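Please have a look at the model below. We will walk through it together, from a few charged side chains to the sheets, the cysteines and the aromatic rings.

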Amino acid sequence: MQQILAIETSCDETAAAVIEKNGRNVRILSSVVASQIDLHKKFGGVYPEIASRAHSEKIIPVVEEALNKIKPDVIAVTTGPGLIGSLLIGVNFAKTLAYTTKKPIIGINHWLGHIYSNWAKKPFPKFPALILIVSGGHTGLVLMKSHKDIVPLGETLDDAAGEAFDKVAKLLGLGYPGGPMISKAAIGGDNLKFAFPRSMLDRKDHNFSFSGLKTAVLYATKKIGKMSLKTKKDIAASFQQAVCDILVGKTIQAAYEFRPKSICLCGGVSANKELREQMGKEVGRLPWKTSFHVPPMELTTDNAAMIGIAAAYHLDQKTTFDNINANANLKL
Ligand code: KG4
Ligand code: ZN
């Protein structure tokens, strides 16, 4: 049995968790997330300097609360991608802990962490699994043939899906973070009212693009000028539907090519109810047996439990503190 302390500080959440690996069983013993949303709200997005400062204030209390007197066997930390000033707080804290306690340490890619949020509860996805990562910093499709064989199929050529939600929410004056605000505003809105573009659906590759959609919303809001609540709701609903059509369309297209046994969602945008429902429905229509997986709600946005679960499946990557470095542009 091994207990893993996981630390995540890549963006605007200071998070720590303890994961227990017992044979094939992986269990979350604790998961603590200190959100900085209130600090960044007034800027309409994450303000990097403020994020690093808040991480350095929160890291010790958050880790202490997650540990609750447990002495972990292994330390896992997100090494990238993310904001370098934010990553450095978690990475240096984890390295110092590994150095002083002489424990092994594992560096985890943030996207790998999001993928493993699908291994938080049974039934686990079966291989090959097709995984759609949709967050504020990344949107892409990944084919996972085994825990050791993970192939990125394509990614966004411009904005991430979550970024589009955040920018459109700002345009509509709905506040930050945009995803939950848009999905709330979309309730009761007419998702057919505005014909926003569905980029890349006519292409065979597995890449995404959301900048055209964002610009289309910008032009629509400029044309309307002062808008009623009803119009705002219609724009939110039409935008959300365009994002869902792109994400579901590209995932199903890739599914026909790779015939996965499981299809999984992960990342902040996978909290979106419409996306969960519409993707689930289309996966159910595939002409072969495919299971559909979504992470528990609390593991969709950034957290350390997913980093610890990823580490539990990659314990062979244990190393010493001097081999771990933060990398803002780390690739999967
Ligand atoms: O995974 P995450 O916490 O951070 C990154 O790794 O980027 O994702 C945050 C993103 C934000 O852009 C936020 O607007 C979006 O996830 N998000 C949502 C919802 N909840 C969070 N997007 C759509 N619908 C939601 N319910
Ligand atoms: Zn994330």
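Is D205 buried, partly exposed or exposed? At 25% relative accessibility, D205 counts as partly exposed. Here buried means under 20% relative accessible area, exposed means over 50%, and partly exposed lies in between, with a 1.4 Å probe and protein chains only.

Before going further, a word on what you are looking at. This is a predicted model, where local features need pLDDT of at least 70 and side-chain atom pairs count only at pLDDT 80 or more, while totals for chains, interfaces and linings use all residues. Residues are numbered from 1 along each chain as its sequence is written, chains are lettered from A and ligands numbered from 1 in the order in which they are written, and side-chain values use heavy atoms, with hydrogens and water left out.

Let us stay with D205 for a moment. Its salt-bridge partner is R203, with the closest N and O atoms 2.7 Å apart. R203 is also partly exposed, at 37% relative accessibility. As a reminder, side chains of opposite charge can pair when their charged atoms come close. The rule used here asks for a side-chain nitrogen of Lys or Arg within 4 Å of a carboxyl oxygen of Asp or Glu, and a search of the whole structure finds 11 salt bridges.

Another of these pairs is D245 with R198, whose closest N and O atoms are 2.9 Å apart. This one links distant parts of the chain: D245 sits in helix α8 (residues 229-258), R198 in the loop between α6 (178-186) and α7 (211-224), and 47 residues separate them. Helices (H or I, at least four residues) and strands (E, at least two) are DSSP runs, numbered from the N terminus. D245 is partly exposed at 28%, and R198 is partly exposed at 27%.

In helix α9 (residues 273-284), E277 and K273 are 4 residues apart, which means about one helical turn lies between them. They form a salt bridge with closest N and O atoms 3.6 Å apart. E277 is partly exposed, at 43%, whereas K273 is exposed, at 58%. Elsewhere, D159, E163, K167 and K214 are joined into one network by salt bridges that share partners.

Now to the sheets. Strands of a sheet pair through backbone hydrogen bonds, either parallel or antiparallel. Two strands count as paired if DSSP finds at least two bridges between them. One open sheet has 5 strands in the order β3-β2-β1-β4-β5, with mixed pairing. Its edge strands, β3 (25-35) and β5 (105-109), each pair on one side only. The twist averages 20° from one strand to the next; axes are lines fitted to C-alpha atoms, for helices over the stretch in contact, and angles run from 0 to 180 degrees between N-to-C directions. Strand β2 (residues 13-22) runs antiparallel to β3, and 10 bridges join them. Within that pairing, A17 has S31 of β3 as its bridge partner. Helix α3 (residues 84-101) packs on this sheet, touching β1 (2-8), β4 (74-80) and β5, with its direction at about 155° to that of β4. Contact here means heavy atoms within 4.5 Å.

A second open sheet of 5 strands follows the order β8-β7-β6-β9-β10, again with mixed pairing. β8 (149-155) and β10 (291-293) are its edge strands, each paired on one side only. Strand β7 (residues 139-146) pairs with β8 in the antiparallel sense over 6 bridges, and L141 stands opposite G154 in β8. Helix α8, the home of D245, packs on this sheet, touching β6 (129-134), β7, β8 and β9 (262-266).

What about the cysteines? A search of the whole structure finds 0 disulfides, taking a disulfide as a pair of cysteine sulfur atoms within 2.5 Å. The sulfur of C244 is too far for a bond, because the closest cysteine sulfur, in C266, is 16 Å away. C244 is buried, at 2% relative accessibility, and C266 is buried, at 0%.

Finally, the aromatic rings. Rings of Phe, Tyr and Trp (its six-membered ring) pair if their centres lie within 6.5 Å; planes under 30 degrees apart count as stacked, over 60 as edge-to-face and the rest as tilted. By this rule there are 9 aromatic pairs. Y99 and F321 have ring centres 5.0 Å apart and planes at 65°, so the pair is edge-to-face. Y99 lies in helix α3 and F321 in the segment after α10, 222 residues apart. Y116, W119, F127 and Y313 form one aromatic cluster.
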